[in-house]
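Got your viewer open? Let's take a walk through this model, one selection at a time.

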Amino acid sequence: MESAEADKRAEMPVTTSEDSGRNPRRAGDGASRPTAMTENSCPQTKRMMEAVVERKNMMAALRRVEVNKGSAGVDNMKVESLRAYLREHWPRIKEQLLAGRYIPSPVLRAQIPKPDGKGMRQLGIPTVLDRLIQQALHQVMLPVFDLDFSESSYGFRPGRSAHQAVLSAQSYVASGSRWVVDMDLEKFFDRVNHDILMSRVARKVKDKRILGLIRLYLQADVMEGGLVSQRVEGTPQGGPLSPLLSNILLDDLDKELERRGHAFCRYADDCNIYVRSKRAGERVLASVTQFLAKRLKLKVNQTKSAVERPWKGKFLGYSMTFDKQPRLKIAPASVKRFKSKLKELFRAGRGRNLARFIEELRPALRGWANYFRLAEVKGVFEELDGWIRRKLRCILWRQWKRPYTRAKNLMKRGLDEARAWTSATNGRGPWWNSGASHMNTCYPKSYFDKLGLVSLLNRVKSFDTM
């Protein structure tokens, strides 16, 4: 956090102008805190813009944007340049916002691979200035809407987390709802109907300037390959406001599921409904599909949606066992995705100093272990630890290249000369040798522990003692 003096120097100028129901709320597990200021937690919704541009709110938004960093938008302005830009231009921008005359810039189209590796996800990257304004809007709007959101909605909310959603799903299955309706909304962020979404926002926001600005953000032009095109539907993923808008829209779905008495968990557009039989699940899927199409103009992807046993699918990266009291485990697809990510890092690590490379691996290993710390089936962590050590031994074997270098290094690690030469000249490939006894003897687990390699198993076990 910056010092108070630095904050003062950098501050923006201020001008004068069908089954049983809902789960109990659980305490947040690693959840984020509300970013809105307490004095603005219930702003007058008819004069909300004044709360948005208020100095303390804008400073909090600026700090959040700076922490989040992110890529530049169509104007190529980087986050690091935002403060200097605001010192010169904030009075004009603030005046435009208060007068309802501010026009957002186009968003920059970008694509990232989907987590399952099937296809690409479309992102719309706003300029850093628009990210700032969206963040300021988010901070003021969130307290207004969040109080009435469903207890079964966990995504992008203060005091709620993915871990809570997973634990809630586990409790539903343990209580006897051993079938799950796994709904996939087809291209949700690309198909959002602007008029329907704005009508939901207008239920609580009465400031026409705010409503007009949000619609402009929804309809912001898209730049891709230097060409600008108009947007007629959808909300761009990539801006701070998108998660809140998706929750506002899908709150209609939550309320309908609550009215019907269903047990469900929703995290953003990922929604699972838990029922007691396959037939009940098929009825629920059909009726909810009809509700979404009629009420919200959203389409359920029938090829990706299914009624299945919870242990055959995944929810937020987790699966569970088929026991009467199910235990949480990591879904196989999550393990496969993590290994793919690590393989990319290992490819970049060839030819690098091993100790430095292990240091660069730590954030990825710690982050993954932290997220999957709820898993009660821990064998996969031990298997991954062994696989990671083998990949590191493979890097060493590749670096040595020549038989002489390999034999010399094996002898340095305590292998007798005859066995070292036999191993160095066996003609086998790097992956085979990295799993062979000579490399395991010379480079055991303790060697990598001394270099600071994070053990996934040990890290997850450490959470059990907390």
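Start with the whole chain shown as a surface: its accessible area comes to about 23,000 Å², and 50% of that belongs to carbon and sulfur atoms. Areas here come from the Shrake-Rupley method with a 1.4 Å probe, and for residues only the protein chains shown count as cover. Before you click further, note that this is a predicted model: local features need pLDDT of at least 70, side-chain atom pairs count only at pLDDT 80 or more, and totals for chains, interfaces and linings use all residues. Residues are numbered from 1 along each chain as its sequence is written, and side-chain values use heavy atoms, with hydrogens and water left out.

Now switch to cartoon. You'll find 20 helices and ten strands; these are DSSP runs numbered from the N terminus, with helices being H or I of at least four residues and strands E of at least two. Of the 466 residues in the chain, 50% are buried. Buried means under 20% relative accessible area, exposed means over 50%, and partly exposed is in between (1.4 Å probe, protein chains only).

**Stop one: a hairpin**

Select residues 263-267, which is strand S6. Four of its five residues are buried, so S6 is largely enclosed by the rest of the structure. Add residues 270-275 and you have strand S7, which pairs with S6 in the antiparallel sense over five bridges. (Two strands pair if DSSP finds at least two bridges between them.) Show Phe264 and look across to S7: Ile273 stands opposite. Then go to the turn, where two residues sit between the strands and Ala268 takes a positive phi near 60°.

**Stop two: salt bridges**

Stay with S6 and pick Arg266. Which side chain does Arg266 meet in a salt bridge? That of Asp254, at 2.8 Å from N to O. A salt bridge here is a side-chain nitrogen of Lys or Arg within 4 Å of a carboxyl oxygen of Asp or Glu. This pair links strand S6 to helix H10 (residues 242-259), with the partners twelve residues apart. Both Arg266 and Asp254 are buried.

Next, select Arg260 and Glu256, another salt bridge, with the closest N and O atoms 2.9 Å apart. Arg260 is partly exposed at 26% relative accessible area, whereas Glu256, at 10%, counts as buried.

The structure holds 20 salt bridges, so keep going: zoom to Glu50 and Arg209, whose side chains meet at 2.7 Å, N to O. Glu50 lies in helix H2 (residues 48-53) and Arg209 in helix H9 (residues 208-218), 159 residues apart. Glu50 counts as partly exposed, at 27% relative accessibility. Add Arg47 and Asp207 to the selection, and you have the four members of a network of salt bridges.

**Stop three: helix H12**

Last, select residues 332-349, helix H12. Its 18 residues should span 26 Å (1.5 Å times one less than the number of residues), and the end C-alpha atoms are 25 Å apart, which agrees. Colour Ser334, Val335, Phe338, Leu342, Phe346 and Gly349: these are the buried residues of H12. They cover an arc of only 110° around the axis, which puts them on the same side of H12. The arc is that of the directions from the helix axis to the C-beta atoms. Rotate to the other side of H12 and you'll meet Lys336, Glu344 and Arg347, which are exposed.

What covers the buried residues? Among the elements doing so are strand S10 (328-330), helix H13 (354-371), helix H14 (379-400) and helix H20 (456-464). Contact means heavy atoms within 4.5 Å. Finish just after H12, at Gly351, with its positive phi of about 85°.
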